[in-house]
Amino acid sequence: MNTVAQRLLVFFIGIPVVIALVWLPCCNHLAMHLLALCAAVFAANELHTMLGKTYGVHPKSLVLILVAALPLMGIFCALLGWNLRYIDFTFVAAVLLALAFETITAQDFGQSTMRIATSVFIILYCGYFFSFVSKMTLFPNATAYIAFFLLFVFMCDSLAWFFGVLFGKGNKGFIKASPNKSLAGFAGGIVGSVAVGLIGQYLLPKWCAIEIFDGAPWKAVVLGALMGCSAIVGDLTESVLKRSASVKDSGSLIPGRGGMLDCVDSVVFSAPIYYWLVSILYNPIL
């Protein structure tokens, strides 16, 4: 099966499965929390391996435990009604533990700063950023908000690839981190995200009697445009990480896509941005 067919298979089967899991409200979206936990740990495993090719790193088992602590705390907050600030406290505690581990165990100090920096970055990128998905579960109509978050990201990613294939041959190479990306692809991705925002504004209330993007239409346009930009930058950020490690893909877990990190790079980058934008533009009661 060629790469195009594999990507289409992931789009038409994988994405609906993920959104279906989000739509299961049992135990405050426990299925989605468990999916986020698995994705965070797999992504952290791949990122640790990538960074370890070039930089000093702490033991993988330690880093994965510290990363997993964040989505686990998100599960506890969702199921037990704990304050969301416990997620922030867990992030600080994980960073402090990484610092303490280096202080107690280091035998040579030439790579101490690098080991600390890589651990903190992995905890931040794969753990803390992912925790904003857990925070979304406490929005009113959380299922719709999370489903549309994924639609923003997936539609941007898919249309960016589609428009890039069709119209991007003459406008590639302007970003060195990912020379195969094109202006046409970026434009298509942003247009797709804006379309998702407008669907949420105008069609969702008619289809499901759920209104999550209320108010002036410009809010939906701004939300869609910024989500498109964040998804694109998230993808480019991972390209930088892969180039620094001299690898093509972060792994081989997902057919046609590469590793887990290749699939969730835009989700990781966009989750805190979506959470903040929804909080500012629509002010859901938390």
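User: Where is the kink of about 30 degrees in H2 centred?
Analyst: This is a predicted model, so local features need pLDDT (the predictor's confidence in each residue, from 0 to 100) of at least 70 and side-chain atom pairs 80 or more, while totals for chains, interfaces and linings use all residues. Residues are numbered from 1 along each chain as its sequence is written, and side-chain values use heavy atoms, without hydrogens or water. H2 is a helix (a DSSP run of H or I, at least four residues, numbered from the N terminus; strands are E, at least two). Its kink, an angle between axes fitted to the seven residues ending at a residue and the seven starting there, is centred on histidine 33.

User: In which helix is confidence lowest?
Analyst: The mean pLDDT of the chain is 86, and 89% of its residues reach 70 or more. Confidence is highest in helix H4 (residues 85-105), at 95. The lowest mean, 63, belongs to helix H1.

User: How far apart are the end C-alpha atoms of H10?
Analyst: H10 covers residues 260-281, which is 22 residues. At 1.5 Å a residue (times one less than the number of residues), it should span 32 Å. The model agrees, with the ends apart by 31 Å.

User: At which residue does H10 bend?
Analyst: The bend is about 40 degrees. Proline 272 follows within four residues of the bend. The bend itself is at serine 270.

User: Is tyrosine 275 buried or exposed?
Analyst: Tyrosine 275 lies in helix H10. In H10, 17 of the 22 residues are buried, so the helix is largely enclosed by the rest of the structure. The cut-offs are under 20% relative accessible area for buried, over 50% for exposed and in between for partly exposed (1.4 Å probe, protein chains only). At 9%, tyrosine 275 is buried.

User: Which helix gives the largest share of the largest nonpolar core?
Analyst: This core (buried Ala, Val, Leu, Ile, Met, Phe, Trp, Tyr and Cys joined through side-chain atoms within 4.5 Å) has 65 residues. Those with the most contacts inside it include Phe130, Phe149 and Tyr274. H2, H3, H4, H5, H6, H9 and H10 each supply at least two residues. The largest share, 12 residues, comes from H10.

User: Which valines is phenylalanine 130 in contact with?
Analyst: Contact means heavy atoms within 4.5 Å. Neighbours within four places in sequence are left aside. Among the partners of phenylalanine 130 are Ala36, Ala39, Ala40 and Tyr125. The valines are Val264, Val267 and Val268.
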